[in-house]
Each structure stands twice: as C-alpha cells, then as structure tokens.
Amino acid sequence: MTSAEQLGLDHSGAHARGVDAASGASDGRAIAPHDVDPRQYPMVIREMIRHENDVTNHRLMWLLIVQGLIANAYVTAGADRRGVTAMLALVGILVTLSAFVMLYKSYQARGYLNFLGQQAKVGMLAEEDLPLAGWPKERINGWRRKVWVCSWLDQFSDLLEPYLFLPSLLVLLWLCVLLRSWLQLGGGALIFLSAALVAVILPAMCFVWVGWQGKGAARDVPLG
C-alpha cells in the first residue's frame, strides 16, 4: 500500500469518527466529560470551606482595624464634644453592621457547603449542584432542613463565635456611646437598653437577609 493510499484511509477514518461523534451528539447519546471526578467532590468542597474560613478571618481583621481607627478618633475628640462623639458612634455602628452582613454571608456559605459535603459523601450530589462559589445564586431548596435550629442560625453555640459575637459586642458598645449623648440614663439602664436594641437589630437583619436571598434562588432536588 502506498503512502498516498494510507493517507487517504487515515483521512477517511477520521472523517467517519467525526460523523459518528456528531450523530451521537445530535441524538443525545454523547456524554460530556466531568469537570471534576465525582469522587473528588468532598475534597473540592473541603477546600471551599477552608476558603470561606480565610475570608471570614480577613473580614474580622478588617473590622478590627477600622474599629480601632474610629475608637482612636473618639478618644482624641474627647467625651465632652457630644456632636463629634455621636457621629463617630454612628459611623462605628454602620461599619459594624456592614461587616456583619459580609460575615453572615460567609456563615451561611459554610453551612451550605457543609450540606453539599454531606450529600457528596453519600453520592447524592449532582455535578450541576457543585458550586463555583460558597454561596451560589441558585441553591438546593430545603438544605437547612433537619440540620439548622432555624433559617438564620445553625446552632445556638454559634452566637459565641467571633464572627457573630464580635459585631454584637461592638454594636452594643457604640450604642451605649450614642445613647449616652442623647439620653440621660444611668449605666445599668443604658446597657440594658443597648443590649435590647442589639437583640432586635441583628436578628432582624438576619431574617431580612435570609428572606431576601431565598427569593427565586432555590430549586427542588431530592435530599438524601
């Protein structure tokens, strides 16, 4: 057989394989390769949880640095300048609430990733449910079911974790400063009123955030 004939046969074979592949794709029998081996799903999710932990640590450090700057400005201004101290207290509260929203998003993302990890370990996680980010735009409906205490809290001990406790403490302190400049209250009454406001504001923010994120962002999937 000449080289020309051999070249012709190779070309014909390649053309036939291309036709077969095209016909297989057209009738739906072609199987797309996995981006990640399903056996590696738990490891991938574990790395994503580690990333969310790092993000939480960075956000906590950012919060502490900014709060340190505001507290330094408050001490420099002096307690006698009520207008300045009230403004700094209000800025401190707003900065803390902004950081709290970011920290709370990472908290929910870790919860969702833990759920996906459990699904992956029992072979119930589909490839389309493996997220690119810890908190994807579309999530499995009912993933908190039978695991979380309520829709906004995994377990009560989480309230003592820095990502939830530290923002609450900072808001409490700045509220004491703000209310002291507005109201004539004793120390005990001031702390009690501030604590009551914290107990209302932060959970309300969590409820609103969960409700807002839940609108049109979930789909039904059989849970294992």
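**A tour starting from Thr96**

Select Thr96: setting aside neighbours within four places in sequence, Thr96 is in contact with Leu63, Gln67, Pro167, Leu170, Val171 and Trp174 (contact means heavy atoms within 4.5 Å). Thr96 sits in helix α3 and is buried, its relative accessible area being 0%. Buried stands for under 20% relative accessible area, exposed for over 50%, and partly exposed for what lies between, with a 1.4 Å probe and protein chains only.

This is a predicted model, in which local features need pLDDT of at least 70 and side-chain atom pairs count only at pLDDT 80 or more, while totals for chains, interfaces and linings use all residues. Residues are numbered from 1 along each chain as its sequence is written, and side-chain values use heavy atoms, with hydrogens and water left out.

**The whole chain**

Zoom out and colour by secondary structure. The protein has five helices and two strands (DSSP runs numbered from the N terminus, helices being H or I of at least four residues and strands E of at least two). Read from the N terminus, the order of elements is α-α-α-β-α-α-β. Of the 224 residues in the protein, 37% are buried. Taking contacts between residues at least 6 apart in sequence, 77% of them link residues at least 24 apart.

**From Thr96 to Val171**

Next select Val171, one of the residues that Thr96 contacts. Val171 belongs to helix α4 and counts as buried, at 2% relative accessibility. Apart from residues up to four places away in sequence, Val171 touches Thr96, Leu97 and Val198. Add Leu97 to the selection: 74 residues separate Leu97 from Val171 along the chain, yet their C-alpha atoms are 7.8 Å apart.

**Helix α2 and its end**

Now select α2, residues 41-77. At 1.5 Å a residue, its 37 residues should span 54 Å, and the end C-alpha atoms, 54 Å apart, agree with this. The expected span is 1.5 Å times one less than the number of residues in the helix.

Within α2, show the side chains of Glu47 and Arg50, which form a salt bridge whose closest N and O atoms are 2.5 Å apart. A salt bridge here is a side-chain nitrogen of Lys or Arg within 4 Å of a carboxyl oxygen of Asp or Glu, and the count by this rule is one. Why can these two side chains meet? Glu47 and Arg50 are three residues apart in α2, so about one helical turn separates them. An α-helix has 3.6 residues a turn, so residues three or four places apart point the same way. Glu47 is partly exposed, at 45% relative accessible area, and Arg50 is also partly exposed, at 40%.

Move along α2 to Tyr74, which is buried at 17% relative accessibility. Tyr74 and Val84 lie ten residues apart in sequence, with 7.9 Å between their C-alpha atoms. Between these two, look at Gly78, just after α2, where phi is positive at about 90°.

**The largest nonpolar core**

Select Ile45, Tyr104 and Leu116: among the 53 residues in the largest nonpolar core, these touch the most other members. Such a core is a set of buried Ala, Val, Leu, Ile, Met, Phe, Trp, Tyr and Cys residues joined through side-chain atoms within 4.5 Å. Helices α2, α3 (82-121), α4 (162-182) and α5 (187-214) each give the core at least two residues. The largest share, 17 residues, comes from α3. In soluble globular proteins, nonpolar side chains tend to be buried together. Around Ile45, beyond residues up to four places away in sequence, the residues touched are Leu113, Leu116, Gly117, Ala120, Leu125 and Leu130.

**Helix α5 and the pocket**

Select α5 next. Its 28 residues should span 40 Å at 1.5 Å a residue, and the end C-alpha atoms are 41 Å apart, in agreement. Buried residues in α5 include Leu190, Ser194, Val198, Leu202 and Trp209. Their cover includes α3, β1 (139-140) and α4.

Last, show the surface. Which helix gives the most to the lining of the largest pocket? Helix α5 does, with six residues; α4 and α5 each supply at least two. The pocket holds about 280 Å³ of space, and of its 14 lining residues, Leu159, Leu164, Ser168, Val198 and Leu202 are closest to the centre. On a 1 Å grid over the protein atoms alone, a pocket is an open set of points where a 1.4 Å probe fits, with protein on both sides within 12 Å along at least five of seven lines; lining residues have an atom within 4 Å of a point. Points are joined across faces, edges and corners, and the volume is the space filled by probe spheres set on them.
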